[in-house]
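I opened this notebook to keep track of what I looked up in one structure, entry by entry. Each entry records a single query and what came back from it.

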Amino acid sequence: MKDPFVLGTILAHPDDETFGVGGTLIKYADEGVRVHSLCLTQGDQGWMGDPERPIVTRERLGAMRAAELAESGHRMGLASTTCLTYPDGALAGVSGDEVVRDIVRWLRRVRPDVVITWGPDGGYGHPDHVAAGERALKAIELAGIQRHEPALGAHWHVRRCYRFVAAADFVDGIREINKQFADYMETLAVKPERWTRDRLGAAIDIREVVERKIDAMKAHATQEPDYREWIASREKIPWLFSEEVFIREFPDAGGPPLETDLFGALRGMSPGSLAKRA
Ligand SMILES: [Zn+2]
């Protein structure tokens, strides 16, 4: 029997997987793809609950959010979730080498065929997201070089890499119904790019699994205001949650042709041409 495909995500905060690309992950996990997620921070600077009645202390928040990711990953059918402890909100300030090294080690262990990471604008300009995307690309390159730090594991070539972005019409929709988020985006140094349809590399239809995505979002108790906002937005504009979109990093960087399956180009290959997994 052919080995199952492996999909890896390299993102920044414990809710990025679920809120961002959860529908895509559920879809592939359902079909037997082994999905592994690597999260670079524990999101320990996030919301702790109502200030009058916090649900967790600041010291315990990171551990709680890592546990929420594990539960959410369980609901989505992920094979593993790994949460590192780089500083939330300050990832860009950490020595790149250190972070890249950890990602190389993880890549060589889980050996993904396809990797998803943050887009160049971090979805909506979040500096941790931008840094996660940059470090991930560097690590993917180094993981494939045989003589690069053999102590981190046997080298591994990721075959396709996609970067998660927010479609322009999605951002417009959110701006209309969530003024607070629109204002927040204005405060960030990196502005979201206009990812119009003609610039996208892949769009994954998630309509069939959106209820399960929402169920997985609810595993993130510390993100309750956020997921409530999302659910309310969806009631106002249902099409906002019909797909998750990506640009291709490699091969064939950029937009068209628009793929509807991140593994489409790999499915046609004969099993013999697939790299042997250790
Ligand atoms: Zn995030």
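**Entry: α3 against α5.** I began with the handedness of this helix pair in the predicted model, and found that α3 passes α5 in a right-handed crossing. The axes of α3, which covers residues 96–110, and of α5 come within 8 Å and cross at roughly 55°, and the two helices are therefore oblique to each other. I then listed the residues that meet: on the α3 side they are Gly-96, Val-99, Val-100, Ile-103, Val-104, Leu-107 and Arg-108, and on the α5 side Arg-135, Ala-136, Lys-138, Ala-139, Ile-140, Leu-142 and Ala-143.

**Entry: Ile-103 and the core.** I followed Ile-103 further and, leaving out residues up to four places away in sequence, found that Ile-103 touches Ile-10, Leu-38, Arg-135, Ala-136 and Ala-139. Ile-103 also appears, together with Leu-107, Ala-132 and Ile-140, among the residues with the most contacts inside the largest nonpolar core, which has 66 residues. Helix α5, residues 127–143, supplies the largest share of this core, with eight residues.

**Entry: α1 against α8.** I turned next to a second helix pair, and noted that α1 (residues 16–30) and α8 (residues 210–217) pack with their axes 9 Å apart, at an angle of about 135°. That angle makes α1 oblique to α8, and the crossing of the two is right-handed. For the contact itself I wrote down Thr-18, Phe-19, Gly-22, Gly-23 and Ile-26 from α1, and Val-210, Arg-212, Lys-213, Ala-216 and Met-217 from α8.

**Entry: Leu-78.** Is Leu-78, a loop residue, buried or exposed? I located Leu-78 in the loop between α2 (58–76) and β5 (80–86), and I count Leu-78 as buried because 25 other C-beta atoms lie within 10 Å, where 20 or more are needed. Apart from neighbours within four places in sequence, Leu-78 is in contact with Leu-25, Ala-29, Val-35, His-36, Ser-37 and Gly-73. For Ser-37 I also looked up the separation from Leu-78, which is 41 residues in sequence and 7.7 Å in space, C-alpha to C-alpha.

**Entry: backbone geometry.** I searched the backbone and found a cis peptide bond joining Phe-250 and Pro-251, with omega at about -15°. Pro-251 lies in the loop between β9 (243–250) and α10 (264–267), and Asp-252 lies in the loop between β9 and α10 as well. Asp-252 has a positive phi of about 55° although it is not a glycine, and with 13 C-beta neighbours inside 10 Å it counts as partly exposed. I also noted Glu-149, in the loop between α5 and β7 (160–165), where phi is near 40°, a positive value in a residue other than glycine. Glu-149 is partly exposed, with 14 other C-beta atoms within 10 Å.

**Entry: the whole chain.** I closed with the overall description, in which the secondary structure comes to 10 helices and nine strands. The C-alpha atoms fill a box of roughly 55 × 40 × 35 Å along the principal axes. The radius of gyration is 18 Å, which agrees with the value near 19 Å that a compact globule of 278 residues would have. Buried residues make up 43% of the 278 residues, and of the contacts with a separation of 6 or more, 80% are between residues 24 or more positions apart.

Terms used. Residues numbered from 1 in each chain as written. Predicted model: local features only at pLDDT ≥ 70, side-chain atom pairs only at ≥ 80, totals over all residues. Core = buried A, V, L, I, M, F, W, Y, C linked by C-beta atoms within 7 Å. Buried ≥ 20, exposed ≤ 12 C-beta atoms within 10 Å, placed from the backbone. Helix = DSSP H or I, 4+ residues; strand = E, 2+ residues; numbered from the N terminus. Contact = placed C-beta atoms within 7 Å. Rg over C-alpha atoms; globule rule 2.2 N^0.38 Å. Axes fitted to C-alpha atoms, helices over the stretch in contact; angles between N-to-C directions. Parallel < 35°, antiparallel > 145°, perpendicular 65-115°, else oblique. Left-handed = near helix turned anticlockwise from the far one by under 90°.
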